[in-house]
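I opened this notebook to record what I looked up, one entry at a time. The sequence and the structure come first, and my notes follow.

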Amino acid sequence: DEARAIAAVPGVTLCGFMTLPPPDVDPAPLFQELAALAAEGRRRGLGTTELSMGMSHDFEAAVAAGATWV
């Protein structure tokens with residue numbers, strides 16, 4: 001599991017995930033998938049509380065999926 005391996009690196013704090021979807025696809029499913037991965041990380045004890053998703057053209061979908069940073 002990549003997230004657990006990253007969190008185990010000395011001096012690195014895993015606090016969440018970031019994504020910028022391709023401009024030619026509906027971003028909502030991608031944002032929802034990333035939010036689900038972050039929730040799974042929290043269930044596994046990882047500090048995946050932050051979600052950086054979305055830009056000016058898709059921020060509504062990002063916020064709806066739980067973005068903490070836009």
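**Entry 1: what helix 2 packs against**

I began with the buried residues of helix 2, which pack against strand 1 (16-19), strand 2 and helix 3. I note here that I am working from a predicted model.

I then listed these residues by name. Helix 2 has as its buried residues Pro27, Phe31, Leu34, Ala35, Ala38, Ala39 and Gly41. Looking down the axis of helix 2, I find that the buried residues fall within an arc of 155 degrees, so they line one face of the helix. On the face turned away from that buried side, helix 2 carries the exposed residues Gln32 and Arg43.

**Entry 2: the length and ends of helix 2**

I checked the span of helix 2. Its 17 residues reach 25 Å from the first C-alpha to the last, close to the 24 Å expected at 1.5 Å a residue.

What caps the N-terminal end of helix 2? I found Asp26 there, with a side-chain oxygen 3.2 Å from the backbone nitrogen of Ala28. Beyond the other end I looked at Gly45, which comes just after helix 2 and takes a positive phi of about 90 degrees.

**Entry 3: the whole chain**

I stepped back to see the protein as a whole. I have 3 helices and 2 strands in its secondary structure, and from the N terminus on the elements run α-β-α-β-α. The C-alpha trace spans about 35 × 20 × 20 Å along its principal axes.

The protein has 70 residues, of which 29% count as buried. I also looked at how far along the chain the contacts reach. Of the contacts with a separation of 6 or more, 45% are between residues 24 or more positions apart.

**Entry 4: salt bridges**

How many salt bridges does the structure hold? I noted 2.

In one of them, the side chains of Glu40 and Arg43 meet at 3.1 Å, N to O. Both residues lie in helix 2 (residues 27-43), where Glu40 and Arg43 are 3 residues apart, about one turn of the helix. Glu40 also forms a salt bridge with Arg44, and the closest N and O atoms of that pair are 3.1 Å apart. Salt bridges that share partners thus join Glu40, Arg43 and Arg44 into one network.

Are these residues buried or exposed? I looked up each in turn. Glu40 counts as partly exposed because its relative accessibility is 30%. Arg44, at 42%, also counts as partly exposed. Arg43 is at 61% relative accessibility and so counts as exposed.

**Entry 5: a charged residue without a partner**

I turned next to Asp58, found in the loop between strand 2 and helix 3. Asp58 is buried yet has no salt bridge. Which side chain of opposite charge is nearest to Asp58? I find that it is Arg42, 19 Å away.

I then looked for what Asp58 does touch. Leaving aside neighbours within four places in sequence, Asp58 is in contact with Pro21, Pro27 and Phe31. I had already listed Pro27 and Phe31 among the buried residues of helix 2.

**Entry 6: Gly54**

I stayed with the loop between strand 2 (50-53) and helix 3 (59-65), where Gly54 also lies. Gly54 has a relative accessible area of 5% and is therefore buried.

Not counting residues up to four places away in sequence, Gly54 touches Thr19, Leu20, Phe31, Ala62 and Val70. Phe31 is thus in my notes as a contact of Gly54 and of Asp58. I also looked up the distance from Gly54 to Pro27: the two are 27 residues apart in sequence and 8.2 Å apart in space, C-alpha to C-alpha.

**Entry 7: Ala3**

My last entry is on Ala3, placed in helix 1 (residues 2-7). Is Ala3 buried or exposed? Its relative accessible area is 14%, under the 20% cut-off, so I count Ala3 as buried.

Leaving aside neighbours within four places in sequence, I find Ala3 in contact with Leu14, Phe17 and Leu46. I also compared the positions of Ala3 and Ala38, which are 35 residues apart along the chain. Their C-alpha atoms are separated by 9.7 Å.

Note on methods: Residues are numbered from 1 along each chain as its sequence is written. This is a predicted model: local features need pLDDT of at least 70, side-chain atom pairs count only at pLDDT 80 or more; totals for chains, interfaces and linings use all residues. Side-chain values use heavy atoms; hydrogens and water are left out. A salt bridge is a side-chain nitrogen of Lys or Arg within 4 Å of a carboxyl oxygen of Asp or Glu. Helices (H or I, at least four residues) and strands (E, at least two) are DSSP runs, numbered from the N terminus. Buried means under 20% relative accessible area, exposed over 50%, partly exposed in between (1.4 Å probe, protein chains only). Contact means heavy atoms within 4.5 Å. The expected span of a helix is 1.5 Å times one less than its number of residues. The arc is that of the directions from the helix axis to the C-beta atoms. A polar contact is a pair of N or O atoms within 3.5 Å; within protein, one must be able to donate a hydrogen and the other to accept it, and residues adjacent in sequence count only if both atoms are side-chain atoms. Lys and Arg count as positive and Asp and Glu as negative; His and the chain ends are not counted.
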